[in-house]
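This guided tour is intended for a reader who has the structure open in a viewer. Please follow the stops in order and make each selection as it is named.

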Amino acid sequence: MIQPAPEHIGNATEAPSQVRSVLLLALPLILAEVGWMFMAVVDTIMVGHLPHPAITISAAALAQVLYNTLAFGIGGILLGLDTYLSQSHGAGKLEDANRWFLHGLVLALLLSALLMSIIAAAPLLLAYLPVDPVIRTQAIAFLHALNLGTPALLLAMTFRRYLQAFNHVRPIAITLVTANLVNVLGDWLLLFPHRFTLPGHGVAGAALSTAIARSYMAACFLVAIVHLNRKHRYGLATTPRHFSRLRLTRLALLGAPVGAQIFVEIAIFAAVTALIGTLGPLPLAGHEIALNCASITFMVPFAISAAAAVRVGQAIGRGAPREAARAGWTSIFLGGGFMLCASGVLVTIPHIIAHAFTTDPAVIAAAVPLLLVAAAFQFFDGLQVTASGALRGAGNTHAGLIVQLIGYWVVGIPVGLLLAYRAHLGAVGLWAGLCVALMIAGIALLITWSRAARDLDRTTPETV
């Protein structure tokens, strides 16, 4: 691991202050992000208790990974708001921040229309995948239901950027927790037949429940923004409504590498899911369980990376480059430290974790080896995502894309294919390729941030 120079961390009294400031913002975001991902986990657990769990879990896996790859890749463009909103807020330019937010809403609506059109055509892609026809049919039904919540998903992402840039993260956490309760209730009502309620909708019921929960989230975020603007007088209601094509273009261009980076990262898991799908229902079901677990642990450093983007951006906006560097390093250490702990849990109790998803012993046996591979890459996954967040706060949105393109597609996929098919390791071999890719990404982005932090340390406040 690369050690930062002492000046990057600051003196002994500054380090605890940075930890507190990052955690104050990150802890509610962690609760929110885990809550966000927990919807997919609950859906997987619920469909795992339908008849033929290997089939139902596999169908949910295919649909979720395809939807998430496209949704978070396209929607990731909105993360460019992190830079503009946090830097404007840090500089005290509230009207400028409000204008960026309004342009973000326009961009969200445009991206929603694009995403819904692509998802509507996605079943054509599934038709060419060599998977069980029953799995394909259920996956298509899942996709159609999930697509109903697409506008709410992208609007919620935009609302969140505004709230967290203005340091209002508690409403985000509360909303995500209650949205999970909405999702659990919806799963119970829509998945299974009930004598006095609704007929069971099978796997598609879980997707419909998620779409409803996302609509609930968007509505709650909007109410929070309206309330906080009245309370703190941020001036959103009086901000001029005229839109600038140049500003919209700048936002899209800054966010495009972020969206592309997310797309590249999730697409590698989509590719692996498709490849494992050719191996049969059992490996695919085991893969879905392991992927859900890895996604849950990933949400913690992902939330810390959002806090890093805000803290670094705010510090730069108010002309404090050294504080920005220290905030970035603190976030990276917190993210990496948590993922080391997560690795220990995955190594220690993989059977117990898999059993929480299903009681089918064959599915559990398929999931456990993949959970052990996930344990190996946890630390590096934490490094790469928190370093990306710190870089995003500094305005560098392209480094992560370049690193992940090389790590995942030039190295990870070829290694995974060799191990899976030449060494006959199957799903474990493909996951080993993911592990190699994440190791490369973690180390490379840590080096990139180290150089950016040195530049910030050498910057005088007057030149920020």
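Begin by selecting Asp-82 and Arg-392, whose side chains meet in a salt bridge at 3.1 Å, N to O. The term salt bridge denotes a side-chain nitrogen of Lys or Arg within 4 Å of a carboxyl oxygen of Asp or Glu. This pair joins distant parts of the chain, with Asp-82 in helix H4 and Arg-392 in helix H14 (residues 361–393), 310 residues apart. Helices here are DSSP runs (H or I, at least four residues), numbered from the N terminus.

The model is a predicted one, in which local features need pLDDT of at least 70, side-chain atom pairs count only at pLDDT 80 or more, and totals for chains, interfaces and linings use all residues. Residues are numbered from 1 along each chain as its sequence is written, and side-chain values use heavy atoms, with hydrogens and water left out.

Are these two partners buried or exposed? Asp-82 counts as buried because its relative accessibility is 1%, and Arg-392 counts as buried at 7%. Buried means under 20% relative accessible area, exposed means over 50%, and partly exposed lies in between (1.4 Å probe, protein chains only).

Next, keep Asp-82 selected and add Arg-161. These two residues also form a salt bridge, the closest N and O atoms being 2.8 Å apart. The link again spans distant parts of the chain: Asp-82 is in helix H4 (residues 80–90) and Arg-161 is in helix H7, 79 residues apart. Arg-161 is buried, as is Asp-82. With all three residues displayed, one sees a network of salt bridges linking Asp-82, Arg-161 and Arg-392.

A search of the whole structure finds four salt bridges. For another of them, select Arg-247 and Asp-96, whose closest N and O atoms are 3.0 Å apart. Arg-247 lies in helix H10 and Asp-96 in helix H5 (residues 94–126), 151 residues apart in distant parts of the chain. Arg-247 is buried, with a relative accessible area of 13%, whereas Asp-96 counts as partly exposed at 24%.

Now turn to the loops. In the loop between helix H7 (150–165) and helix H8 (170–191), select Asn-167. This residue has a positive phi of about 70 degrees although it is not a glycine, and it counts as partly exposed at 33% relative accessibility. Then move to the loop between helix H9 (203–232) and helix H10 (245–277), where Arg-233 is found. Arg-233 is likewise not a glycine, yet has a positive phi of about 55 degrees. At 74% relative accessibility, Arg-233 counts as exposed.

For a buried position, select Ile-57 in helix H3 (residues 53–75). Its relative accessibility is 0%, and therefore Ile-57 counts as buried. Add Thr-44, which is 13 residues away from Ile-57 in sequence and 6.1 Å away in space, C-alpha to C-alpha.

The final stop is helix H15 (residues 399–422), which contains Trp-409. Trp-409 is partly exposed, with a relative accessible area of 34%. Display helix H16 (residues 427–458) as well: the axes of H15 and H16 come within 7 Å and cross at roughly 155 degrees. Axes are lines fitted to C-alpha atoms, for helices over the stretch in contact, and angles run from 0 to 180 degrees between N-to-C directions. H15 and H16 are therefore roughly antiparallel to each other, a term used for angles over 145 degrees.

Technical notes. Helix = DSSP H or I, 4+ residues; strand = E, 2+ residues; numbered from the N terminus. Parallel < 35°, antiparallel > 145°, perpendicular 65-115°, else oblique.
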